[in-house]
Amino acid sequence: MFEKISSKIRSLFGDAYIPLHTPHFGEKEKAYVLDAIDSTFVSSVGPYVQSFEERMALLTGARYAVAMVNGTASLHLALVAMGVTPADEVITQPLTFVATVNAIRHAGAQPVFVDVDPDTMGMSPASLEEFLDAQTEMREGACHNKTTGKRIAACVPMHTFGFPLRIDEVIAVCERFRIPVVEDAAESLGSYYKGRHTGTFGLAGTFSFNGNKTITCGGGGAIVTNDRNLAVKMKHLSTTAKIPHPWQFVHDEVAYNYRMPNLNAALACAQLERLEGFLENKRELAEEYRRFFSGLDVGFVWEIEGAKANHWLNAILLKDAAEKNAFLEYTNSRDIMTRPIWRLANKLTMFSECQASGLPNAEWLEDRVVNIPSSVRYG
Ligand SMILES: *Cc1c(COP(=O)(O)O)cnc(C)c1O
């Protein structure tokens with residue numbers, strides 16, 4: 001079976017070393033970046049930054065977008081701007097890239113883990129509700145953890161590999177407990193749920209444009225929101241809280257240098273213009289994989305009803321941890337890059353003390369899920 005899968009991947013990607021996901025650049029990228037260099041506006045001020053924000057708002061349907069230096073900083077800043085403090089806790093899923101949990105800690109808060117759904121690999125509304133019903137109480141209009149006494153100040157669900165989770169249900173549960181939601185949509189640019197772009201369901205949503213994502217500008221991020229005050233605050237905090245003035249440098253808060261540079265924004269604008277083509281190309285590949293794996297009787301992750309995924313990273317489900325490890329060994333030793341899903345965050349040393357509800361689905365997925373080559377294929 002491993003042999004069959006390897007030759008299928010080779011037939012799709014050729015004879016050379018096959019990475020998991022590579023960026024794709026053309027003439028437009030070069031032209032925009034060159035234009036930014038020629039203008040000398042390569043740093044935190046420049047027309048591409050604003051243009052990128054407008055395009056992100058247009059694409060996602062959010063009222064406001066703030067260009068950021070990366071996805072981790074986007075999450076960190078969104079949490080801080082929403083009022084998350086070191087006295088608080090933030091609920092997230094253990095099955096995520098470590099940056100999600102790091103950002104909660106950067107805000108000084110304590111992460112709490114609830115389970116994911118086995119089909120979406122994203123936060124389970126049922127597990128979230130069960131935890132909140134059993135373990136929390138409302139005090140002074142806010143949700144508090146009965147065990148620690150701390151306020152639960154935010155909830156951060158994550159759309160794994162671009163597959164939309166049941167975000168409307170997560171939002172409904174959080175509304176009942178008055179917990180604001182920040183969607184970690186780092187992996188789900190171009191993914192929709194019930195016709196709405198991921199990242200626009202919660203109070204804020206964050207994106208990443210790191211080198212391995214669907215589109216990239218080297219390093220970059222964005223926060224979207226419909227809340228005007230929050231948008232203004234986030235932009236202010238991302239730019240050292242400088243009070244706008246033609247020559248004076250006066251700042252009114254301890255803040256951050258988290259703004260996306262114009263040089264990166266130039267690349268980001270060019271990549272955004274190509275997103276639609278990338279998404280079509282990736283969907284074709286995913287459909288091809290899907291047909292192949294259904295014939296092989298190997299599990300292949302697909303979007304749930306009502307969801308439209310960007311198919312950032314394709315994922316297969318092997319029988320157990322032993323088969324998973326054997327497959328990783330087989331493919332990687334043959335120059336086909338495959339990668340296991342993340343080690344659960346609650347098992348990492350720095351988060352091992354965090355409170356966690358039962359996590360059977362996350363553990364089941366951890367043993368079985370492997371990403372296979374998923375780059376855009378042109379030419
Ligand atoms: C990539 C990613 C991030 C972090 O983005 P950076 O731009 O690398 O800081 C955060 N969360 C998830 C789920 C990611 O995949």
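1. A polar contact is a pair of N or O atoms within 3.5 Å. In this predicted model, the side chain of Thr72 meets that cut-off, because one of its N or O atoms is 2.5 Å from an oxygen atom of the ligand. Glu187 also places a polar side-chain atom 2.5 Å from an oxygen atom of the ligand. Gly71 takes part through its backbone instead: a polar backbone atom of Gly71 is 2.7 Å from a ligand oxygen. Taken alone, the ligand exposes 380 Å², and the protein buries 93% of that area.

2. The shell around the ligand should be described as a whole. It consists of 15 residues, and the closest are Gly71, Thr72, Glu187, Ser208 and Lys213. By class, the shell divides into eight polar, four nonpolar and three charged residues. Helix H4 (71-81) supplies at least two residues of this shell, as does helix H5 (98-106).

3. Helix H4 deserves a point of its own. Nine of its 11 residues are buried, so the helix is largely enclosed by the rest of the structure. The buried residues are Gly71, Ala73, Ser74, Leu75, His76, Leu77, Ala78, Leu79 and Ala81. Gly71 therefore counts as under 20% relative accessible area, and its backbone also provides the 2.7 Å approach to a ligand oxygen.

4. The two ends of H4 can be described as follows. At the N-terminal end, Asn70 acts as a cap, with a side-chain oxygen 3.0 Å from the backbone nitrogen of Thr72. Thr72 thus appears in two settings: its backbone nitrogen faces the Asn70 cap, while its side chain approaches the ligand. Just after H4, Gly83 takes a positive phi of about 100°.

5. Which residues does Ser238 contact, leaving aside its neighbours within four places in sequence? They are Val66, Met68, Leu77, Tyr256, Asn257, Tyr258 and Arg259. Ser238 belongs to helix H8 (residues 228-238). Its relative accessibility is 0%, which means that it counts as buried. Among its partners, Leu77 is one of the buried residues of H4, and Val66 and Met68 fall within strand E1 (residues 64-68).

6. Strand E11 (residues 221-225) is mostly covered, with five of its five residues buried. In a regular strand the side chains alternate between the two faces of the sheet. In E11, Gly221, Ile223 and Thr225 point one way, whereas Ala222 and Val224 point the other way, and all are buried.

7. What are the pairing partners of E11? Strand E1 pairs with E11 in the antiparallel sense over five bridges, and Ala65 has Val224 as its bridge partner. Strand E10 (residues 204-208) also runs antiparallel to E11 and is joined to it by five bridges. Here the bridge partner of Ala204 is Thr225. The range of E10 includes Ser208, which is listed among the closest residues to the ligand.

8. A separate description is needed for an open sheet of four strands, which has the order E12-E14-E16-E15 with antiparallel pairing. Its edge strands are E12 (299-300) and E15 (339-340), each pairing on one side only. E15 and strand E16 (residues 369-372) pair in the antiparallel sense over two bridges, and Pro340 stands opposite Val370 in E16.

Conventions. Residues numbered from 1 in each chain as written. Predicted model: local features only at pLDDT ≥ 70, side-chain atom pairs only at ≥ 80, totals over all residues. Heavy atoms only, no water. Buried < 20%, exposed > 50% of the residue type's maximum accessible area, 1.4 Å probe, protein only. Contact = heavy atoms within 4.5 Å. Near = heavy atom within 4 Å. Polar contact = N/O pair within 3.5 Å; in protein donor to acceptor, adjacent residues only side chain to side chain. Areas by Shrake-Rupley, 256 points an atom, 1.4 Å probe, with all protein chains shown as cover. Nonpolar A, V, L, I, M, F, W, Y, C, P; charged D, E, K, R; others polar. Pairing = 2+ DSSP bridges.
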